[in-house]
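Visitor: I am new to this structure and would like a close look at one part of it, the place where the ligand sits. Could you take me through the surroundings of the ligand step by step?

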Amino acid sequence: MDKFIIKGGKPLEGEVTISGAKNAVVAIIPAVILADGPCVLENIPEISDVSISLRILYEMGADVQNLGGGTYRIDATGIKEPVVPYELARHMRASYYFLGTLLGKFHKARVAMPGGCYLGDRPIDQHLKAFSALGATCSLDNGMVDINAGMLIGNQIYFDKITVGGTINTMLAACKATGLTVIENAAKEPHIVDLANFLNSMGADIMGAGTDVIKVRGVRSLKGTQYAVIPDQIEAGTYMVAAAATRGNVLIKNVIPKHLESITQKLAKIGVNVEEFDESVRISVDGPLVKTSVKTMPHPGFPTDMQPQISALLCLAEGTSIVTEDIFSNRFRYVDELRRMGADISVEGKVAVIEGVDHLKGAPVTAPDLRAGAALVIAGLAASGVTEIDDIYHIERGYENIEKKLRALGADIVKKSVPGSSVRKVEVG
Ligand code: EPZ
């Protein structure tokens, strides 16, 4: 397996450009199935979750062309069988978006249940509740989710729990249903809005994305379209935190500042300077980093996908910080790895108590999942000495060319290929 070798202690300086949003792209690529013609997608990041999503479409019979520069032309009209087998679906949790899109197009779907419990229990009961409300019958046998609907009829759907995936899957299934679907207690993340904009560019009729009530008026058909995906606010936040942790000075380009508000506010409370421009933010640190409290919440609250990264920064802040993970039940798996680097963190249930230390020390660590891996990269960049990070395939699921982008900012980071040392684990996330 590949490793990152980081020689830390160098402030990040310069400019970095943010790529397309992973959590928008893993929804938009399957959504192409709904179109009665080819789609051209732009600003698609080169990450493994994208390659897996495109591979699934290709194996199902779609024509996928890489036009270069992050642009793809996809014609999914060749897909006849609404089935995604386990060997393809198991690599990525987001494969469950094929349920909503295949149901929306074919009124049936058979997709392998994503495995894994990287972040704790991750049921899809709310997705299935929505599909049933639209008239589908859902069953789970032999690890496959089987959904069938004679007709899809619009309905009122209230989510018992705010769910990004459930909101996305419902939009996908409802946009060609007969009549009006109202989704209440909907998730409001930027990638929900991006998917709605993509579907509307195909001729869908979706109103209210970004609020907690989304209205989907079913249409008879959806056409091919050309669409550029939004920048990744979590990638941007990760570089903001890396710049702060190394006390550097970095201009982060191709961002939508509004999507970063909760991250910007939290960094300012910690003592980080954040200068906002139209499509970029500049990060610098003059004085000491100071303790704060963080609680993860659905958008527009502080994103759970930034929790490991901000915790790594708080390891270097004066005083005692409290981090509460309120979305997932098992998102502190990076804590043991940070302790190996000299961090002083204790975890009790969904709360981590972080005592700031003067500095971290490089050590061999292993990435347990995508965002935890990003936190270890940040810690390694800030630490004195050398940090080796194993299982970096987790990190490469969501960060395009991360070592190249960091090297361009002055980081001493190299990727080292180690011949198959550990069996590749099934990854979800
Ligand atoms: C999406 O996961 C993202 N993944 C996650 O990003 C992100 O952390 C999460 O949303 C929250 O923002 C993708 O977009 C591919 P949820 P998702 O449904 O859709 C519970 C990353 O690092 N729940 O909003 O799975 C669930 O267990 C990844 O990029 C139910 O109980 O998240 C969790 O506790 C990690 N029943 C909470 O809701 C359901 O039917 C939020 O989950 C669905 C969810």
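Guide: What follows is a walk around the ligand, from the pocket to the single contacts and then to the parts of the chain that form the shell. Please keep in mind throughout that this is a predicted model. The ligand sits in the largest pocket, where 28 residues surround it, and the closest of these are D125, Q126, T163, D305 and I327. Looking at single atoms, you will find that an oxygen atom of the ligand is 2.6 Å from a backbone N or O atom of I327, a residue that is also listed among the closest. Side chains take part as well, for an N or O atom in the side chain of K22 lies 3.1 Å from an oxygen atom of the ligand, and for the side chain of R122 the distance between such an atom and a ligand oxygen is likewise given as 3.1 Å. Taken alone, the ligand exposes 830 Å², and the protein buries 94% of that area.

If you now turn to the make-up of the shell around the ligand, its residues divide by class into twelve nonpolar, seven polar and nine charged ones. Several helices contribute to this shell, since α1 (22–31), α5 (125–133), α6 (164–174) and α12 (370–382) each supply at least two of its residues. On the scale of domains, the shell takes at least three residues from domain 1 (2–19 + 233–417) and at least three from domain 2 (22–218), and with this the view of the ligand has gone from single atoms to both of these domains.

Definitions and conventions: Residues numbered from 1 in each chain as written. Predicted model: local features only at pLDDT ≥ 70, side-chain atom pairs only at ≥ 80, totals over all residues. Heavy atoms only, no water. Near = heavy atom within 4 Å. Polar contact = N/O pair within 3.5 Å; in protein donor to acceptor, adjacent residues only side chain to side chain. Areas by Shrake-Rupley, 256 points an atom, 1.4 Å probe, with all protein chains shown as cover. 1 Å grid on protein atoms, 1.4 Å probe; cavity = no way out; pocket = protein on both sides within 12 Å on 5 of 7 lines; lining within 4 Å. Sits in = over half its atoms within 2 Å of the grid points. Helix = DSSP H or I, 4+ residues; strand = E, 2+ residues; numbered from the N terminus. Nonpolar A, V, L, I, M, F, W, Y, C, P; charged D, E, K, R; others polar. Domains from an automatic or database assignment.
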